[in-house]
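Please open the model in your viewer and keep the selection panel at hand. The tour below proceeds stop by stop, saying at each one what to select and what is found there.

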Amino acid sequence: MLTLFGKPVAKNILDQVRDKAKQFEKASGHRAKLVVVLVGEDPASLIYIRKKGETAELLGLDHETIKLPISITPDELREYIDQLNANPRVHGILIQRPLPKFTDETEVASWIVPEKDVDAFHPLNVGRLFLGLPCLKPCTPAGIMEIFKHYKIPVSGKKACVIGRSAIVGKPMAALLLKENATVFHCHSKTPDLKSITQFSDILVVAAGKPHLIDASYVKQGAVVIDVGIHHNTNGKIIGDVVFEDVAKVASALSPVPSGVGPMTIAMLMKNTMDAALELANSGSSLP
Ligand code: NAD
C-alpha cells in the first residue's frame, strides 16, 4: 500500500513558487503580496494565518494580515475589501473563515475581484471551474489533483466517488475530477446506502467532516483513498474521516492524516497568489 504523503508534492509546488517569486520581484521591483483578512479572533484561524505568513515569507512573498473587530459592519468590511481590490501592490486576497454570523460567506466572497480571489470562491471562478475554463482553483481540491499527478495515479476513465458537497472541498473536487475525465459519483449526508457507491469506486475522496466514517468495508480492493477530514480526538490526536490502519489493508494508496492533504492546501494558496500576481502583471491590469 502506497502512503500518499503531501509533503514531497507540496515541496515541488513551493519550489516552483519560490523561483517565480524571485523572477517576479526582479522584473517588477516589488514582491507578490497576499493579504489575509481576519474578522474577530478565532484561535484556530490565528494559527492558520500565522502558518500562511511564515510560508509566504520563506518563499519571498509579501504578506499582511488585516485584523478587523467582530463589531465591524458588512459595509465597513466591504470598504476594506474594495481598498485591497484597488491596491495594485496586492495580488491575493483571502477572507479567513469562519466569518461572524452576520455575514454571508458567499456574498463576501463575491466582493473580492476574481483576479485576486486566491481562495477561488468568487462566483465567477466557481463558474469557470465548472465550465472547465482557466481560473484560480480552490486550494484543497486542486492540491488533491496534484497528489494524483505526483504519484502517477490515473484519473481518466476511473469511477471516482466524492463524499461531501461543501463549496470549499466537495463540489470543486467533483468538478476537477470530472474535468480529468473521471466518472464522478457525488455523495452527501442524504445519500442512501453510501457503501453501495463507495464499494465500486476506484477513487474515493472523503470530505464528510465525520471522524472515522470510512472503514475497510466501504472500500473496493485496490482503490485509491484520499482523506480530507481533520479532527482532534479525545486524546488530542489528529485523525481523519478514514480509519487509516483498517483501510490500508484494502486500498492500493491512501493519504494519511496528518501529513496527507493538509500540506497541499497551503502550498496551493501560495501557488494561487503567485499565479494571480503573474496574471495581473501580464494583463497590465490596473484593477478594478
Ligand atoms: P462541511 O461540513 O462543510 O461539509 C461536509 C459534507 O459532508 C456535507 O456536504 C455533508 O453533506 C457531507 N456529509 C456529512 N456527513 C456525511 C455522511 N455521514 N455521509 C455522507 N456525506 C456526509 O465540511 P468541509 O468544509 O467540506 O470539510 C470536510 C472535512 O475536511 C472537515 O473535517 C474539514 O476540517 C476538513 N478540511 C481539511 C482541509 C485540509 O486542508 N486538509 C481543508 C478543508 C477542509
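**The ligand and its shell**

Begin with the ligand and the shell around it, which by class holds 10 nonpolar, 10 polar and two charged residues, where Ala, Val, Leu, Ile, Met, Phe, Trp, Tyr, Cys and Pro count as nonpolar, Asp, Glu, Lys and Arg as charged, and the others, Gly among them, as polar. Before going further, note that this is a predicted model, in which local features need pLDDT of at least 70 and side-chain atom pairs count only at pLDDT 80 or more, while totals for chains, interfaces and linings use all residues. Residues are numbered from 1 along each chain as its sequence is written, and side-chain values use heavy atoms, with hydrogens and water left out.

Next, select Arg-165, Ser-166, His-188, Ser-189 and Thr-265, which come nearest of the 22 residues around the ligand; a residue is counted as near a molecule or strand if one of its heavy atoms lies within 4 Å of it. Show the side chain of Ser-166, where an N or O atom is 2.5 Å from an oxygen atom of the ligand. Then display the backbone of Ala-208, one N or O atom of which lies 3.4 Å from a ligand oxygen, and that of Val-228, where a backbone N or O atom likewise lies 3.4 Å from an oxygen atom of the ligand. Taken alone, the ligand exposes 860 Å², and the protein buries 72% of that; these accessible areas come from the Shrake-Rupley method with a 1.4 Å probe, and for residues only the protein chains shown count as cover.

**An aromatic pair**

Rings of Phe, Tyr and Trp (its six-membered ring) pair if their centres lie within 6.5 Å, and planes under 30 degrees apart count as stacked, over 60 as edge-to-face and the rest as tilted. How many aromatic pairs does this rule give? The count comes to one aromatic pair, and to see it, select Phe-185 and Phe-200, whose rings meet edge-to-face at 5.1 Å centre to centre with 85° between the planes. The pair links distant parts of the chain, 15 residues apart, with Phe-185 in strand S6 (residues 183-187) and Phe-200 in the loop between helix H8 (194-198) and strand S7 (203-206); helices (H or I, at least four residues) and strands (E, at least two) are DSSP runs, numbered from the N terminus. Phe-185 is partly exposed, with a relative accessible area of 25%, and Phe-200 is also partly exposed, at 34%, where buried means under 20% relative accessible area, exposed over 50% and partly exposed in between (1.4 Å probe, protein chains only).

**Helix H8**

Move now to Ser-196, which lies in helix H8 and counts as partly exposed at 33% relative accessibility. Its side chain reaches the backbone oxygen of Asp-193 at 2.7 Å, a polar contact, that is, a pair of N or O atoms within 3.5 Å, of which, within protein, one must be able to donate a hydrogen and the other to accept it, with residues adjacent in sequence counted only if both atoms are side-chain atoms. Add Lys-195 and Tyr-218 to the selection: the charged end of Lys-195 sits over the ring of Tyr-218, 4.9 Å from its centre, the criterion being NZ of Lys or CZ of Arg within 6 Å of the ring centre and within 35 degrees of the ring normal.

**From Arg-97 to Ala-120**

Select Arg-97 and Pro-98, which are joined by a cis peptide bond with omega of about 5°; Pro-98 is found in the loop between strand S4 (92-95) and H4. From the side chain of Arg-97, follow the polar contact of 3.1 Å to the side chain of Asp-119, a residue placed in the loop between helix H4 (105-109) and helix H5 (123-131). Asp-119 is buried, with a relative accessible area of 12%. Ala-120 is found in the loop between H4 and H5 and is buried, with a relative accessible area of 2%; its phi is near 65°, a positive value in a residue other than glycine.

**Last stops**

For another positive phi, select His-212, where the value is about 55° although the residue is not a glycine. His-212 is found in the loop between S7 and strand S8 (224-227) and is partly exposed, with a relative accessible area of 38%. Finish at Val-257 and Pro-258, where the peptide bond is cis with omega near 0°, and where Pro-258 lies in the loop between strand S11 (253-254) and helix H10 (262-283).
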